[in-house]
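Here are some short exercises to work through with the model open beside you. Try each task before you read its solution.

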Amino acid sequence: MPAQSKPLHSNRELFDRACRVIPGGVNSPVRAFGSVGGTPFFVAKGKGAYIFDEESKTYIDYIQSYGAIILGHADERITAAIRRAAEFGSTYGTPTLGEVTLAELIVERVDGCEMVRLTSSGTEAAMSAIRLARGFTGRDKILKFDGCYHGHSDALLVGGGSGVASLGIPDSVGIPAGAVANTIVAPYNEIPLLDESYAAVIVEPVAANMGLVPPLPGFLEGLRKQCSENGVALIFDEVITGFRIGEGGASKYFGVTPDMWCFGKVIGGGMPIGAFGGRREIMEMLAPIGPVYQAGTLSGNPIATAAGATVLQLLDAETFRVLASRAERLSLGLKEVFNNAGIEAKVPRLSSLVGIFFGAENVTNYAEAKRSVSLGMYPKFFNEMLTLGVALAPGPYEALFPGLGHGEKEIDHTVDLAGEAVKRLLK
Ligand SMILES: *Cc1c(COP(=O)(O)O)cnc(C)c1O
């Protein structure tokens with residue numbers, strides 16, 4: 001970065017202002033620095049792999065809006081699509097061509113997903129998918145896995161990973177016991193025994209909200225079998241994995257087809273969005289043609305669908321190959337850094353998703369993830385990296401999201417800086 005004149009704002013001053021009018025100064029708890037210490041930086045702009053804060057400091061960014069950005073920040077093709085859509089109008093409350101286009105792009109790419117309904121967030125998608133599964137099966141009970149996050153709706157905010165995990169809140173107050181009475185929480189990577197009282201099993205096919213925890217061989221297949229045998233709807237929450245780990249998402253990657261899907265993040269190109277989908281017979285239970293009510297003033301928003309459709313059209317087998325190879329370069333580089341420094345750590349990778357777990361133990365579920373986090377290494381590594389100009393998520397339970405904006409140059413520079421961070425950390 002060229003030398004800059006004195007910045008207009010300091011992060012500290014902005015955070016103080018934010019705290020006066022926004023609880024904790026943030027609009028989503030994962031953005032707070034509670035678990036790593038210090039003050040959040042305020043981003044003024046981004047470009048590709050980089051973000052620039054209000055103090056004009058540059059960071060190589062692995063937050064990438066927690067996976068909502070895959071092409072890199074401020075990709076010109078997305079910016080153009082957003083500008084074009086916005087010039088016509090930002091929302092109408094009527095059907096638009098853009099929502100049909102995005103729905104078609106999703107349905108074409110995800111085998112077995114015959115219809116989708118668009119929402120404005122992943123939370124809404126998961127919440128609505130659960131309601132639909134209950135309506136379809138006529139049953140109330142659902143099963144989720146400890147450490148998986150499916151948004152912040154009442155019934156699903158038990159055993160949630162991500163920000164809930166960082167804050168050490170096992171649950172949230174304000175949720176009536178009745179709202180979670182039908183939510184059973186089971187350990188990830190163990191196939192639960194189901195029966196015909198369950199409406200649905202919802203799972204992150206690759207858990208990415210308790211660090212990165214891939215499914216063990218047989219786990220997803222076992223869920224499919226248990227669900228099929230008991231008439232239970234299997235819901236893949238692909239809000240992170242969808243259109244990130246490959247063209248057809250996790251269902252294609254693992255060759256396991258659920259009954260329903262949740263999408264979000266990538267499919268909005270950085271605009272607020274979510275979607276849930278499934279087999280036609282299930283989806284046709286939705287209002288206005290079926291008895292399960294679900295709605296949204298801004299659902300299928302024309303700006304969001306324009307951005308999302310542009311992203312999906314730009315992602316093909318080749319881009320996913322590039323993404324995975326960049327992520328591999330990052331994970332191998334970080335592994336070597338930790339190894340050379342004698343620091344015990346795991347750097348799991350699945351396709352383009354990367355995680356960091358300190359400690360010698362392999363992490364296959366939330367209990368093991370928590371043990372790794374309790375070693376207390378992440379905040380130290382995070383802060384050294386931040387000082388050196390690498391933005392990791394300010395919590396130990398998040399994945400790293402290298403995207404198409406991260407060239408080999410940025411990845412190699414990140415690995416070099418990690419080497420320096422580790423040196424400082426051991427001093
Ligand atoms: C982010 C996320 C959600 C929630 O999406 P929002 O758009 O933040 O409401 C749901 N499920 C998973 C797996 C997620 O990672």
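**Exercise 1. Check the length of helix α11 (residues 302-314) against the expected span.**

Helices here are DSSP runs of H or I with at least four residues, numbered from the N terminus. Step one: the expected span is 1.5 Å times one less than the number of residues. Step two: for the 13 residues of α11 that gives 18 Å. Step three: the end C-alpha atoms are 18 Å apart, which agrees.

A word on the source: this is a predicted model, where local features need pLDDT of at least 70, side-chain atom pairs count only at pLDDT 80 or more, and totals for chains, interfaces and linings use all residues. Residues are numbered from 1 along each chain as its sequence is written, and side-chain values use heavy atoms, with hydrogens and water left out.

**Exercise 2. Decide how far α11 is enclosed, and find what covers its buried residues.**

Buried means under 20% relative accessible area (1.4 Å probe, protein chains only). First, list the buried residues: among them are Pro302, Ile303, Ala307, Gly308 and Leu312. Next, count: ten of the 13 residues are buried, so α11 is largely enclosed by the rest of the structure. Finally, look at the cover, which includes α3 (76-88), α4 (97-109) and β4 (115-119).

**Exercise 3. Find the residue that caps the N-terminal end of α11.**

Look for a side-chain oxygen 2.9 Å from the backbone nitrogen of Ile303. That oxygen belongs to Asn301, the cap.

**Exercise 4. Place the helix in the whole chain.**

The protein chain has 15 helices and 15 strands. Its buried residues make up 55% of the 427 residues.

How values were computed
Helix = DSSP H or I, 4+ residues; strand = E, 2+ residues; numbered from the N terminus. Buried < 20%, exposed > 50% of the residue type's maximum accessible area, 1.4 Å probe, protein only. Contact = heavy atoms within 4.5 Å. Polar contact = N/O pair within 3.5 Å; in protein donor to acceptor, adjacent residues only side chain to side chain.
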